[in-house]
Amino acid sequence: MNEKIINNDYKKVTVVIPSLDPDEKLIEVVKGIESVGFEDVVLVNDGSKKENLHYFEEAAAIMPGKVTILHHEVNKGKGAGIKTALRWYLANRPDGLGVVTVDGDNQHHHEDTKACVLKMLETDTLVLGVRDFSGKDVPTRSKIGNRTASAIFRIFCGMKISDTQTGLRVFPNHVIPLFSEAKGERFEYETNMLLILKPNGIKMTEQKIRTVYIEENKSSHYRTVKDTWRIFKVVCGSAGIYVGSSLLSFVADTLLFGLFLWIIRNYMTTIPSTMWKVVAFAPARILSSILNFTLNKKFAFHNNEKYSKTVWKYYSICIPQMLITMVLLPTFSHWIGLADGSLANVGLKVVIDAILFCVSYIVQKKWVFKNKK
C-alpha cells in the first residue's frame, strides 16, 4: 500500500476507548483523536459509577455523529470492554480498515496513535505502541509490572516483546474475529492476545511511542501484584504442562536413581564402586525418559505426528544428554571429593540436570515436537 493511500485511509480505522469511571482526561483523549483526523470513535463504558457517566456524553459531543457509546451495566473488565467493541465493529463497520485501542487516561499521545495506525496500514500486521521504561519518571509499579511481564514472556514463551501491557494496539481486519473471541475479561485478555500470535501465524510490529505518566499513573486500574499474578498464570498456563511434565519426570528420575544406587550399594557388591553411579543412572534415565516423552508428546506440545517420526528425534537428544550426565556426574563428584556411594551425588545430579533442562526445552519445542502446519 503506497503512502498516498495510507494517508487517505487511516481515517477508516475505528478508535476504541474502554473506560471505567472516567474524568476530564477522557475528554482530552477524544479532542486529541479528533485533532489528528480520526472520524470514528467507540467509547466503552465498563460499568462506571453514575457520577462519572456525564464524561462519556461530553466526550461524544466533541465529535457529533462520530462517537458511539457502548455500555456494560456492571464492571466486566478491560478485556471484556475491548471484545464488546470488536464485536460491534465486525457487525457495524463492513468497510472499516481496522481498530486501534487507546486508553482513556490521556497517556497515549494522539500523534502516536496516528503513527501506529499508519504502521498497521503499511505492514498489515498487529502493531504495538511500545514505551521506554528506563526513564526516572516512570512510576515504580509500572516499571516493575512491565519488566516482570516481559521477562515472563521471554522465559516461558520465547517471545521478545518490549511492552506487553501497552494499551495502544492496532488490529488489521484479518485478526479482529480471532481477538474478539480470545479468552480473558480483564488485563489478562491483553496477555492472551499476545499468546495466540505464534500459533495462528499472526505477525506483530512494534512502534515506539512517548512514555507518558500523569500523576504517577494513579488513574490506572492495573493492580501491580494481583494483575501481574493473573498474567503470570495465563503465560504459565501455556507452558505449565511442559514444566509439569518435566518436573514429574525429573522427580521420577531422581527417585529411581537414588533407589537403584541404594540397591547396588547394598545388594550388588560385586559391581566396582566406581561404576555404581553409572549403573544406577542408566535404568533410571530410561524409565523416566519414556514417561517424559509420552507426557510431552500428548499433553505439553499436542504433537500430532506419528510416534516413529518423533521418538527418534527425542532420543537423539535424550541419549547424548544422558551420556553427558554420566560423564559429568562422576567427574564432578570426584573433583569435589564426594564418596562413591554417598547420596550427596543425588544433589549433584540435580544441578547438572537443571542446566541440561534449559537446552533440552528449546530443542524439544523448536524441533522434536514441532507440528507441521
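**Buried charges and helices in a predicted model**

A polar contact of 2.7 Å links the side chain of Asp105 to that of Gln107. The model is predicted. Asp105 sits in the loop that runs between strand 4 (98–101) and helix 5 (110–123). Asp105 is buried, yet it has no salt bridge. The nearest side chain of opposite charge belongs to Arg131, 7.5 Å away. Salt bridges require a nitrogen and a carboxyl oxygen within 4 Å, so the separation of 7.5 Å between Asp105 and Arg131 does not qualify.

Arg131 has a salt-bridge partner elsewhere. The side chains of Arg131 and Asp163 meet in a salt bridge, with an N to O distance of 2.6 Å. This pair links distant parts of the chain, with the two positions 32 residues apart in sequence numbering. Asp163 lies in the loop between helix 6 (140–157) and strand 6. Arg131 lies in the loop between strand 5 (126–130) and helix 6. Both partners are buried. For Asp163 the relative accessible area is 0%. For Arg131 the value is 16%. Because the limit for burial is under 20%, Arg131 counts as buried at 16%. A network is also present: salt bridges that share partners join Lys78, Asp103 and Glu190.Strand 6 (residues 169–172) holds another buried charge, Arg169. The relative accessible area of Arg169 is 1%, and the residue is therefore classed as buried. Two backbone oxygens approach polar atoms of the Arg169 side chain. The oxygen of Thr164 lies 2.8 Å from one such atom. The oxygen of Glu190 lies 3.0 Å from a polar atom of that side chain. Beyond its neighbours within four places in sequence, Arg169 is in contact with Val99, Val100, Thr101, Val127, Leu128, Thr164, Glu190, Met193 and Leu194. Gln207 is 38 residues from Arg169 in sequence, and the C-alpha atoms of the two are 9.7 Å apart.

Helix 4 spans residues 78–92 and has 15 residues. From first C-alpha to last, helix 4 reaches 21 Å, close to the 21 Å expected at 1.5 Å a residue. Its buried residues are Lys78, Gly79, Ala80, Gly81, Ile82, Lys83, Ala85, Leu86, Trp88 and Tyr89. Lys83 forms a salt bridge with Glu185, at 3.0 Å from N to O. The pair links distant parts of the chain, 102 residues apart. Lys83 belongs to helix 4, whereas Glu185 is in the loop between helix 7 (176–179) and helix 8 (188–195). The partners differ in burial. Lys83 counts as buried, at 4% relative accessibility. Glu185 is partly exposed, with a relative accessible area of 37%.

A local salt bridge occurs in helix 2 (residues 24–35), where Glu28 and Lys31 are three residues apart. The closest N and O atoms of Glu28 and Lys31 are 3.9 Å apart. That distance satisfies the cut-off, because a salt bridge needs these atoms within 4 Å. About one helical turn separates the two residues. An α-helix has 3.6 residues a turn, so residues three or four places apart point the same way. Glu28 is partly exposed, with a relative accessible area of 39%. Lys31 is also partly exposed, at 42%. In total, the count comes to 11 salt bridges.

Helix 11 (residues 307–336) has 30 residues. The helix reaches 41 Å from its first C-alpha to its last, close to the 44 Å expected at 1.5 Å a residue. The buried residues of helix 11 include Thr310, Lys313, Tyr314, Ile317 and Cys318. Gln321, Met322, Thr325, Met326, Leu329 and Ser333 are also among them. Gly337 follows just after helix 11 and takes a positive phi of about 85 degrees.

Across the chain, the secondary structure comes to 12 helices and seven strands. Of the 373 residues, 49% are buried. The chain exposes about 18,600 Å², and carbon and sulfur atoms supply 61% of that area. Among contacts between residues at least 6 apart in sequence, 78% join residues at least 24 apart.

How values were computed: Residues are numbered from 1 along each chain as its sequence is written. This is a predicted model: local features need pLDDT of at least 70, side-chain atom pairs count only at pLDDT 80 or more; totals for chains, interfaces and linings use all residues. Side-chain values use heavy atoms; hydrogens and water are left out. Helices (H or I, at least four residues) and strands (E, at least two) are DSSP runs, numbered from the N terminus. Buried means under 20% relative accessible area, exposed over 50%, partly exposed in between (1.4 Å probe, protein chains only). Lys and Arg count as positive and Asp and Glu as negative; His and the chain ends are not counted. A polar contact is a pair of N or O atoms within 3.5 Å; within protein, one must be able to donate a hydrogen and the other to accept it, and residues adjacent in sequence count only if both atoms are side-chain atoms. The expected span of a helix is 1.5 Å times one less than its number of residues. Contact means heavy atoms within 4.5 Å. Accessible areas come from the Shrake-Rupley method with a 1.4 Å probe; for residues, only the protein chains shown count as cover.
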